Amino acid sequence: MPRVQLPAVTPKRKAWNKGRIVGQKRPLLPKQVWAIRARLELANNLRDLALFNVAIDSKLRGCDLVRLSVVDLVKEDRLRERVSVIQSKTKRPVRFELTENTRETVLAWVKSPEMLACSFMFPSRFHDRPHISTRQYGRLVHYWVSSIGLEPSGYGTHSLRRTKAAEIYRKTGNLRAVQLLLGHIKVDSTVRYLGVELEDALSIAESIDL
């Protein structure tokens with residue numbers, strides 16, 4: 001009796017995000033920002049301190065942050081107070097400010113021996129890569145938040161992108177300003193990104209005492 005050959009069973013690939021919390025990542029609170037800064041300063045980690053500060057100020061997506069070049073931030077040996085870059089996702093320009101604290105850390109990093117002859121702000125330590133990858137940036141974010149006792153699964157690169165934007169909205173309620181700073185084309189995108197409707201609803205609920 002001839003044997004019937006069964007079709008080969010292809011093993012199911014494990015989902016890349018299995019076991020991870022999927023969804024919108026929390027922004028950092030001001031006290032958490034300063035706690036991470038303090039740890040990086042104590043460790044004298046110039047690269048990570050500059051990366052962290054620029055991430056908070058720029059509000060850029062990770063793919064645009066890691067690709068920043070030295071000339072984007074430095075002109076004639078002076079740090080720019082305001083910077084304009086083209087976003088890779090929308091192909092539209094977005095502008096951001098560099099606070100005095102960030103300019104000081106960036107200048108110290110640019111003048112360090114590690115940055116000799118480097119054209120990218122955050123060069124990779126691998127010879128085949130001109131700058132750090134978004135994956136590496138994500139690992140750094142997890143390390144930073146873990147270092148101050150936060151659960152890393154609740155935070156990601158978008159946490160840093162949202163941090164200053166969320167604080168600006170909390171203090172001013174100006175969605176249009178936040179939209180421009182994040183480089184969103186539509187204000188609806190900003191509403192969803194910040195979770196504004198949910199936050200407003202919770203604030204209203206908290207003010208009602210029954």
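In this predicted model, Trp144 has a relative accessible area of 2% and is therefore buried, the cut-off for that class being under 20%. Trp144 belongs to helix α6, which spans residues 134–147. The ring of Trp144 takes part in an aromatic pair, and a search of the whole structure finds one such pair. The partner is Phe52, and the arrangement of Phe52 and Trp144 is edge-to-face. The ring centres lie 5.5 Å apart, with 85 degrees between the planes. Phe52 is located in helix α2, residues 46–58. The two residues are 92 positions apart, and the pair thus links distant parts of the chain. Phe52 also counts as buried because its relative accessibility is 0%.

Phe52 has a further role in the description of helix packing, as one of the residues of α2 in contact with helix α7. Two packed helices are described by the angle between their axes and the distance between the axes. For α2 and α7, the latter formed by residues 157–172, the angle is about 50 degrees and the axes are 7 Å apart. The angle makes α2 oblique to α7. On the side of α2, the contact involves Ala55, Ile56 and Asp57 in addition to Phe52. On the side of α7, Leu160, Thr163 and Lys164 contribute. The crossing of these two helices is right-handed.

Arginine side chains were also examined in relation to aromatic rings. Arg37 is placed over the face of Trp34, at a distance of 4.5 Å from the ring centre. Arg161 is likewise found over the face of an aromatic residue, Tyr193, here at 5.3 Å from the ring centre.

Backbone geometry was considered next. Most residues other than glycine have a negative phi. Asn44, which is not a glycine, has a positive phi, near 55 degrees. Asn44 is part of the loop between α1 (30–42) and α2. With a relative accessibility of 60%, Asn44 counts as exposed, since the class begins over 50%. A positive phi, of about 60 degrees, is also found at Lys91, again a residue that is not a glycine. Lys91 lies in the loop that runs between the strands β3 (82–86) and β4 (93–97). The relative accessibility of Lys91 is 62%, so this residue is classed as exposed.

Technical notes:
Residues are numbered from 1 along each chain as its sequence is written. This is a predicted model: local features need pLDDT of at least 70, side-chain atom pairs count only at pLDDT 80 or more; totals for chains, interfaces and linings use all residues. Side-chain values use heavy atoms; hydrogens and water are left out. Rings of Phe, Tyr and Trp (its six-membered ring) pair if their centres lie within 6.5 Å; planes under 30 degrees apart count as stacked, over 60 as edge-to-face and the rest as tilted. Helices (H or I, at least four residues) and strands (E, at least two) are DSSP runs, numbered from the N terminus. Buried means under 20% relative accessible area, exposed over 50%, partly exposed in between (1.4 Å probe, protein chains only). A charge sits over a ring if NZ of Lys or CZ of Arg is within 6 Å of the ring centre and within 35 degrees of the ring normal. Axes are lines fitted to C-alpha atoms, for helices over the stretch in contact, and angles run from 0 to 180 degrees between N-to-C directions. Angles under 35 degrees count as roughly parallel, over 145 as roughly antiparallel, 65 to 115 as roughly perpendicular and the rest as oblique. A crossing is left-handed if the near helix is turned anticlockwise from the far one by less than a right angle, and right-handed if clockwise. Contact means heavy atoms within 4.5 Å.
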